[in-house]
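User: I am new to this structure and would like a close look at a single part of it. Please take me through that part slowly, and then show me what lies around it.

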Amino acid sequence: MIFPADRLILAHHGTAGACRAEELAFALLGDGKGQLIHLWVVPDFWAGMQGDDWLNNASTRQEFARYVEKMLADEAARWVDRLRQRASEQGVEFSSTVRFGDPTEEVLRLTEQEKAPLVLGPRRKRGFSGFRSRVDIQKLTSQIKVPLFIAAPLADGS
């Protein structure tokens, strides 16, 4: 083990890069010890998702907004449950928080609150699927006050 970690923050939102970060976090924690603090950020660009170009009345837009919110909440819940199960199997204490906002700002807020090292996935390469809601790595590295670990990408770039 390269770093004796007993508490880590894992920024995980279900992408291939986040899954790489998950592998690194669990490797750093080892079996039967430590705490994993999971952060799922729903990017604030979803707030403007109203479908105005094809929804033509307020009630239909509200119904669509509720649908999108439920879809995002269900996806987050599935990943949280999966991570909780894995942590339990490995004997790691687990907690999770879902936040809405700018991913970089929310990561910085949580690291300031928890004072624990942060584990991130590698930058998603062009051509791979996923949201364009990435962390601003320059801003993060200039402002973060805890150790930062970035998982290495796979050979295929994911």
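With which side chain does the side chain of His38 make a polar contact?

Analyst: In this predicted model, the side chain of His38 makes a polar contact with the side chain of Ser96, at 2.7 Å. His38 lies in strand E2, which covers residues 35–43, and this histidine counts as buried because its relative accessibility is 0%, where the cut-off for buried is under 20%. Leaving aside residues up to four places away in sequence, His38 touches Leu10, His12, Val80, Leu83, Phe94, Ser95, Ser96 and Thr97.

One of these neighbours, Leu10, leads into the largest nonpolar core, a group of 16 residues in which Leu8, Leu10, Leu36 and Val119 touch the most other members. Strand E1 (7–11), helix H1 (16–29) and helix H2 (58–90) each give two or more residues to this core, and H1 provides the largest share, with 5 residues. Leu8, again not counting residues up to four places away in sequence, touches Ala25, Leu28, Leu29, Gln35, Leu36, Ile37, Pro117 and Val119. Ile37 also belongs to a second, separate core of 14 residues, which includes Ala116, Leu120 and Val146 as well.

Strand E2 also has a part in covering helix H3, whose buried residues are covered by elements including E1, E2, strand E3 (93–101), strand E4 (118–120) and helix H4 (137–143). Those buried residues of H3 are Pro103, Thr104, Glu106, Val107, Leu108, Leu110 and Thr111, and just after this helix Lys115 takes a positive phi of about 55°.

Key:
Residues are numbered from 1 along each chain as its sequence is written. This is a predicted model: local features need pLDDT of at least 70, side-chain atom pairs count only at pLDDT 80 or more; totals for chains, interfaces and linings use all residues. Side-chain values use heavy atoms; hydrogens and water are left out. A nonpolar core is a set of buried Ala, Val, Leu, Ile, Met, Phe, Trp, Tyr and Cys residues joined through side-chain atoms within 4.5 Å. Buried means under 20% relative accessible area, exposed over 50%, partly exposed in between (1.4 Å probe, protein chains only). Helices (H or I, at least four residues) and strands (E, at least two) are DSSP runs, numbered from the N terminus. Contact means heavy atoms within 4.5 Å. A polar contact is a pair of N or O atoms within 3.5 Å; within protein, one must be able to donate a hydrogen and the other to accept it, and residues adjacent in sequence count only if both atoms are side-chain atoms.
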